[in-house]
Amino acid sequence: MLPLTNKDSALAAELYALAFPRAWSKEEILRLTELDGFFGFICPEGMIMLNQVQEEAEIYTVCVRPENRRQGIGKKLLSVALKHAERNGVSKVFLEVAADNHAALKLYESFGFSQIGIRKNYYNHVTDALVLACSLPLIPKA
Ligand SMILES: CC(C)(COP(=O)(O)OP(=O)(O)OC[C@H]1O[C@@H](n2cnc3c(N)ncnc32)[C@H](O)[C@@H]1OP(=O)(O)O)[C@@H](O)C(=O)NCCC(=O)NCCS
């Protein structure tokens with residue numbers, strides 16, 4: 001798992017397209033990697049992308065190749081990203097997730113994310129988006 005840079009935009013676009021119906025082009029990903037607060041991590045099986053503004057960070061996406069899911073890669077990506085965020089002074093992390101995305105919700109909840117808002121009919125005018133947040137440092141589970 002290595003820091004995601006503009007050189008990874010082709011692999012990142014491929015991974016994204018395998019996970020989401022509306023693909024992000026290589027160019028869109030390139031633009032994200034050029035944001036001042038951008039950081040991310042990538043490996044051949046998955047990636048995570050975030051943006052930091054002062055003490056807050058937003059997770060833009062996390063995805064794992066379909067054939068490599070349920071092997072702990074999503075957990076590892078999130079863990080590496082949250083540790084990096086904490087070291088960089090982030091105290092609050094936000095994200096949006098489709099209300100019916102049970103796999104992602106379980107993953108985020110296992111890191112202590114909880115719902116702070118809802119955007120009705122946000123995806124395709126049908127599915128609600130849940131806004132989740134967590135505070136850093138993470139409190140280790142007993
Ligand atoms: C969400 C996603 C990144 C999880 O990646 P992953 O590598 O399969 O996740 P992990 O193997 O690290 O699983 C971590 C935990 O998440 C939860 N989880 C993951 N997939 C799950 C599933 N299909 N059903 C229920 N829980 C699931 C479990 O709690 C799991 O822990 P466990 O295996 O010990 O039970 C992956 O399913 C994915 O790429 N989905 C499509 C893209 C997406 O929806 N991204 C989130 C957008 S907000």
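**Notebook: sheet, salt bridges, cysteines, Asp-128**

I began at the sheet's start and found Pro-3 opposite Phe-41 in β2. I worked on a predicted model, where local features need pLDDT of at least 70, side-chain atom pairs count only at pLDDT 80 or more, and totals for chains, interfaces and linings use all residues. I number residues from 1 along each chain as its sequence is written, and side-chain values use heavy atoms, with hydrogens and water left out.

**Entry: sheet**

I took helices (H or I, at least four residues) and strands (E, at least two) as DSSP runs, numbered from the N terminus. I counted two strands as paired if DSSP finds at least two bridges between them. β1 is joined to strand β2 (residues 38–43) by 2 bridges, and the two run antiparallel. I then traced the whole sheet. It is open, has 7 strands and mixed pairing, and follows the order β1-β2-β3-β4-β5-β7-β6. I noted β1 (2–3) and β6 as the edge strands, each pairing on one side only.

**Entry: helices on the sheet**

I used contact in the sense of heavy atoms within 4.5 Å. Axes are lines fitted to C-alpha atoms, for helices over the stretch in contact, and angles run from 0 to 180 degrees between N-to-C directions. α3 lies across β2, β3 (46–53), β4 and β5, and runs at about 150 degrees to β2. Helix α4 (residues 102–110) also packs on the sheet, where it touches β4, β5 and β7. I read about 160 degrees between the directions of α4 and β5.

**Entry: salt bridges**

My rule was a side-chain nitrogen of Lys or Arg within 4 Å of a carboxyl oxygen of Asp or Glu. The count came to 4 salt bridges. For exposure I called a residue buried under 20% relative accessible area, exposed over 50%, and partly exposed in between (1.4 Å probe, protein chains only).

I looked at Glu-14 and Arg-65, whose side chains meet at 2.9 Å, N to O. Glu-14 sits in helix α1 (residues 9–19) and Arg-65 in the loop between β4 (56–64) and α3 (73–87), so the pair ties together parts 51 residues apart in sequence. Glu-14 is partly exposed at 38%. Arg-65 is buried at 15%.

Next came Arg-22 and Glu-28, with closest N and O atoms 3.2 Å apart. Arg-22 is exposed at 51%, and Glu-28 is partly exposed at 26%.

Arg-119 and Glu-96 form a salt bridge with closest N and O atoms 2.0 Å apart. The pair links distant parts of the chain, Arg-119 in strand β6 (residues 114–123) and Glu-96 in strand β5 (residues 92–98), 23 residues apart. Both are partly exposed, Arg-119 at 37% and Glu-96 at 27%.

**Entry: cysteines**

I searched for disulfides (cysteine sulfur atoms within 2.5 Å) and found 0. For Cys-63 the nearest cysteine sulfur is that of Cys-43, 9.9 Å away. Cys-63 is buried at 4%. For Cys-134 the nearest is that of Cys-63, 19 Å away. Cys-134 is buried at 3%.

**Entry: Asp-128**

I ended at Asp-128 in strand β7 (residues 127–135). Asp-128 is buried at 16%. A polar contact here is a pair of N or O atoms within 3.5 Å; within protein, one must be able to donate a hydrogen and the other to accept it, and residues adjacent in sequence count only if both atoms are side-chain atoms. The Asp-128 side chain makes one such contact with the side chain of Lys-120 at 3.2 Å. It also reaches the backbone nitrogen of Asn-121 at 2.9 Å. Leaving aside neighbours within four places in sequence, I listed contacts of Asp-128 including Val-97, Ile-118 and Tyr-123.
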